[in-house]
Amino acid sequence: MRTETRQRHYLPATFDNRSIRILLVGCGGNGGQMLMGLASLDTALRAISSRSLDVTVVDDDIVTEANLGRQPFYRCDIGNSKARTLAERINLAHGLDWRAVHGRAPGAIGLEGIDLLISCVDTASARRALGTAIANGKATPAYWMDLGNRASDGQFLIGCPSRADERSGRLSTVLEAFPELADESVADDDAPSCSVAEALERQSLFVNRVLASHALALLFDLLGRGSIGHAGAFLNLASGQAVPIPLPSVEPPNPRADQ
C-alpha cells in the first residue's frame, strides 16, 4: 500500500551568499506592512546568514486621510507617494538603498531579474496582469507570494511560477490555487474609502498587520532557516483561527516498480 508523506520545501542553493532581489507590488494595507517587515527581515538575515534583501516597491497611489491608522502612514505623509514615502523612511532608518517606483506594475516596471515577487494588490485583475507578465517574460521569479484580505479575514500563499520542473512538489501560485481569480467576468471590488471611519467599516484595523506578520514569518523560515513546512495560511480575526495551507503531497517511490 502506497502512502503519501508531507515534504518540507527547501530554498534552492542558488540563493546562498548573495542578495535576494524582491519586487513588492502594492504599498497599501498589506503592502505597507510587508515593506516595513521586510526591513526587519533584512536585518535578521544579515545577522544569521550570508543573505540580504534588495527590495523595489511599486505603487501608483498617494497617501490619503483614509489610510491613517490601518496603514503605516502619518498625517504629514498625506498627498505623497506611498511607495516613495515608505522607501525613503526605511532607507534613512536602516541605511539601505531600496528603490521605489510610483506607478502600476507590470506596466511601470518589468519582472525580469527578480527572485521573489510579492503581490499585495486589491483586485483579481491586478493578479491576472502579473500572471500574464510572468508567463510572457524572459525570466521567471523563483517565488511568487500573494496576500489578500477582506474585512476580517485573509490569506497568504507562496508559489513557484516556473514550470521548468513539473514535479508534484512544485508550489502552486495564487492563480493556480484559486482559479476563480482567472474569471474575467467577475467585477473587481476596489472602491476607495473616503475617511478613516469608513475604511475601518470595510476592513478591520489590524487585519493587514496580522496577515503580513504571518507571511513574513513564513519568509523568515524560508530565507533565514532554509525551509518551510506549509505554503501559506487562511486567517480569520473574528474567530481567531489560522488554518495552514499544506505543501503538495509527494508519494514515495514504489519499491516494486522496478521489479
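Q: What percentage of the 259 residues of the chain count as buried?
A: This is a predicted model. Buried means under 20% relative accessible area. Of the 259 residues, the share that counts as buried is 43%.

Q: How many helices and strands does the chain have?
A: The predicted chain holds both kinds of element. The count is six helices and 12 strands.

Q: Which strands are the edge strands of the open sheet?
A: Eight strands form an open sheet with mixed pairing. Their order is β5-β4-β3-β6-β7-β8-β10-β11. An edge strand here pairs on one side only. The edge strands are β5 (99-102) and β11 (241-246).

Q: By how many degrees are neighbouring strands of this sheet turned against each other on average?
A: The sheet in question is the open one made of eight strands. Direction is ignored for this angle. The average turn between neighbouring strands is 15 degrees.

Q: Which residue in β10 stands opposite Phe156?
A: Strand β8 covers residues 153-159, and strand β10 covers residues 230-236. The two pair in the antiparallel sense over five bridges. Opposite Phe156 in β10 stands Ala233.

Q: Which residue in the turn between β10 and β11 has a positive phi?
A: β10 and β11 run antiparallel and are joined by six bridges. In this pair, Asn236 stands opposite Gln241 of β11. The two strands form a hairpin with four residues between them. The turn residue with a positive phi, about 75 degrees, is Gly240.

Q: Which strands does helix α2 touch?
A: Helix α2 spans residues 82-94 and packs on the sheet. Its direction makes about 170 degrees with that of β5. The strands it touches are β4 (52-59) and β5.

Q: At what angle does helix α3 run to β7?
A: Helix α3 is made of residues 124-136. This helix lies across β3 (19-25), β6 (116-119) and β7 (143-149). Its angle to β7 is about 175 degrees.

Q: Are α1 and α2 roughly parallel or roughly antiparallel to each other?
A: Two packed helices are described by the angle between their axes and the distance between the axes. For α1 (residues 29-48) and α2, the angle is about 20 degrees and the axes are 10 Å apart. Angles under 35 degrees count as roughly parallel. Therefore α1 and α2 are roughly parallel.

Q: How many residues of the contact of α1 with α2 are nonpolar, polar and charged?
A: The crossing of α1 and α2 is right-handed. On the α1 side, the contact is made by Gly32, Leu35, Met36, Ala39 and Thr43. On the α2 side, Leu86, Ala87, Ile90 and His94 take part. The division is six nonpolar, three polar and no charged.

Q: Does Gly148 count as buried or exposed?
A: Gly148 sits in strand β7. Leaving aside neighbours within four places in sequence, Gly148 is in contact with Asn30, Arg127, Gly154, Gln155 and Leu211. Its relative accessibility is 5%. Buried means under 20%, so Gly148 counts as buried.

Q: Which residue does a cis peptide bond join to Ala105?
A: Most peptide bonds are trans. This cis bond has an omega of about 10 degrees. The partner lies in the loop between β5 and β6. The residue joined to Ala105 is Pro106.

Q: Does Asn17 count as buried or exposed?
A: Asn17 is found in the loop between β2 (9-10) and β3. Its phi is positive, about 60 degrees, although Asn17 is not a glycine. Exposed means over 50% relative accessible area. At 61% relative accessibility, Asn17 counts as exposed.

Technical notes
Residues numbered from 1 in each chain as written. Predicted model: local features only at pLDDT ≥ 70, side-chain atom pairs only at ≥ 80, totals over all residues. Heavy atoms only, no water. Pairing = 2+ DSSP bridges. Axes fitted to C-alpha atoms, helices over the stretch in contact; angles between N-to-C directions. Contact = heavy atoms within 4.5 Å. Parallel < 35°, antiparallel > 145°, perpendicular 65-115°, else oblique. Left-handed = near helix turned anticlockwise from the far one by under 90°. Nonpolar A, V, L, I, M, F, W, Y, C, P; charged D, E, K, R; others polar. Buried < 20%, exposed > 50% of the residue type's maximum accessible area, 1.4 Å probe, protein only.
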